Amino acid sequence: MTRFGYTLMTEQSGPKELVRYAVAAERAGFDFEVSSDHYFPWLESMGHAPYAWSVLGAVAHATERVDLMTYVTCPTMRYHPAVVAQKAATLGLLSDNRFTLGLGSGENLNEHVVGEGWPVAAVRQDMLAEAIQIIRALHTGELTTWVGEYFRVDSAKVWDCPDAGVPLAIAVSGVRSIAEFAPLADHMVGIEPDPELIRGWDQTRGDEGLPDSRKIGQIPICWGPDKDAAIARAHELFRWSVGGWAVNADLPTPAGFEGASQFVRPEDVAASIACGPDLDELAESARPFWEAGYTDIALVQVGDENQQEFLDKVAEPLLDKLRTASGS
């Protein structure tokens, strides 16, 4: 059974609007909600970047049923892992254990702001692995001291924590990251509908004697009553996504993404993001993810301007089509 989620896109909406959308998404029938965790929007035209953890705290109180998750937080540069452990535990309690901590190795766009530079990918993944161990240790509620290659923790303790800690979902992109993180995680985060990624993850966990896990993906759509207008909006706000993960991880500012995406055409965006009023087309765009083996798929509705209309009028029938098509 595939579960379908709603993305609280902090790069395109303000904090009060995001809480309102979270309530509407629960009412529309989404199974879970994920939140990006950004210091900058990808493009200046997106216009927002509120603090995700404050928003999620409000969402935890404003909703009752939906699971919540960061998609994803980098616990190595802008945030020290001991601080991430504390706020994740607090959110776990506020949400009555509906929260999963999604973690990844980060993007320069968000992490450069603390002035510590931007390590190469292999170092970022090693830092993430060490941060995960620290978070796990602190979520036991025990006094923790840690002296590692990248981090130090001096007599830290998380005083308010769910009894079983907080589930961790880790973003992976290939063989090396699967080998490193599948044994450390509870669930997987992926951005590509690649069945080999899912098989590798499940095989690695099986070899370690670990239980089945959620495989959580995400896909943008741009619903709108006029197809051409929806394509134009997706091009204005989401053309950065066409560059691929290697570009997205390393550029430091929205201005960099403006330059990198200046030659992306509306038709290029339309080829990768389903746009317009056809709900069958929007639903079918997610098919590669459930056919690849993803258990959870979060939708991003591009743009803030008609987000409420999407949630009030479109989300419920779209979810019906998604569940029928996926056999859920």
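The legends below describe close-up views of a predicted model.

**View 1. Strand β1 and its two partner strands.**
Strand β1 covers residues 3-8. Five of its six residues are buried, so β1 is largely enclosed by the rest of the structure. Strand β11, residues 296-301, runs parallel to β1 and is joined to it by four bridges. Within this pairing, F4 of β1 has I297 as its bridge partner in β11. Strand β2, residues 32-35, also pairs with β1 in the parallel sense, over four bridges. Here the bridge partner of Y6 is E33 in β2.

**View 2. The largest cavity and its lining.**
One cavity of 30 Å³ or more is present in the structure. The largest cavity holds about 30 Å³ of space. Its lining consists of Y6, T7, L8, M9, Q12, S13, L18, Y21 and Q307. Two elements, β1 and α1 (15-28), each contribute at least two residues to this lining. The largest share, three residues, is supplied by β1. By class, the lining of the largest cavity comprises five nonpolar and four polar residues, with no charged residue. Y6, which lines the cavity, is also the residue of β1 whose bridge partner in β2 is E33.

**View 3. The surroundings of S35.**
S35 is located in strand β2. Its relative accessibility is 0%, under the 20% limit, and S35 therefore counts as buried. Beyond its neighbours within four places in sequence, S35 is in contact with L8, T10, A52, L56, M69, T70 and Y71. Of these contacts, L8 also belongs to the lining of the largest cavity. S35 and T73 are separated by 38 residues in sequence, and their C-alpha atoms lie 9.3 Å apart in space.

**View 4. The cis peptide bond between Y71 and V72.**
The peptide bond leading from Y71 to V72 is cis, with omega near -10°. Most peptide bonds, by contrast, are trans. V72 lies in the loop between β3 (67-70) and α3 (81-94). Y71, on the other side of this bond, is one of the residues in contact with S35.

**View 5. Positive phi values at D96 and N97.**
D96 is placed in the loop between α3 and β4 (99-103), and N97 is found in the loop between α3 and β4 as well. Phi is near 55° at D96, a positive value in a residue other than glycine. Phi of N97 is near 65°, likewise positive in a residue other than glycine. Most residues other than glycine have a negative phi. With a relative accessibility of 64%, which is over 50%, D96 counts as exposed. N97 counts as exposed because its relative accessibility is 58%, again over 50%.

**View 6. The largest nonpolar core and the contacts of F99.**
The largest nonpolar core contains 77 residues, of which F30, F99, L101, L103, L311, L318 and L322 touch the most other members. Helix α5, residues 121-138, gives the most to this core, with eight residues. A further core of 19 residues lies apart from the largest one, and its members include L43, L109, C222 and V300. Leaving out residues up to four places away in sequence, F99 touches W53, L56, L68, M69, T70, A88, L91, G92, V166 and P167. Among these, L56, M69 and T70 are also in contact with S35.

**View 7. The largest pocket.**
The largest pocket has a volume of about 1,100 Å³. It is lined by 48 residues, and those closest to its centre are I191, Q218, W240, W245 and N248. Two or more lining residues come from each of α4 (108-111), α5, α6 (175-181), β9 (215-223) and α9 (245-250). The largest share of this lining, five residues, is given by α9. The lining of the largest pocket divides into 24 nonpolar, 15 polar and nine charged residues. Helix α5, one of the contributing elements, is also the helix that gives the most to the largest nonpolar core.

Terms used. Residues numbered from 1 in each chain as written. Predicted model: local features only at pLDDT ≥ 70, side-chain atom pairs only at ≥ 80, totals over all residues. Heavy atoms only, no water. 1 Å grid on protein atoms, 1.4 Å probe; cavity = no way out; pocket = protein on both sides within 12 Å on 5 of 7 lines; lining within 4 Å. Points joined across faces, edges and corners; volume = space filled by probe spheres on them. Nonpolar A, V, L, I, M, F, W, Y, C, P; charged D, E, K, R; others polar. Core = buried A, V, L, I, M, F, W, Y, C linked by side-chain atoms within 4.5 Å. Buried < 20%, exposed > 50% of the residue type's maximum accessible area, 1.4 Å probe, protein only. Contact = heavy atoms within 4.5 Å. Pairing = 2+ DSSP bridges.
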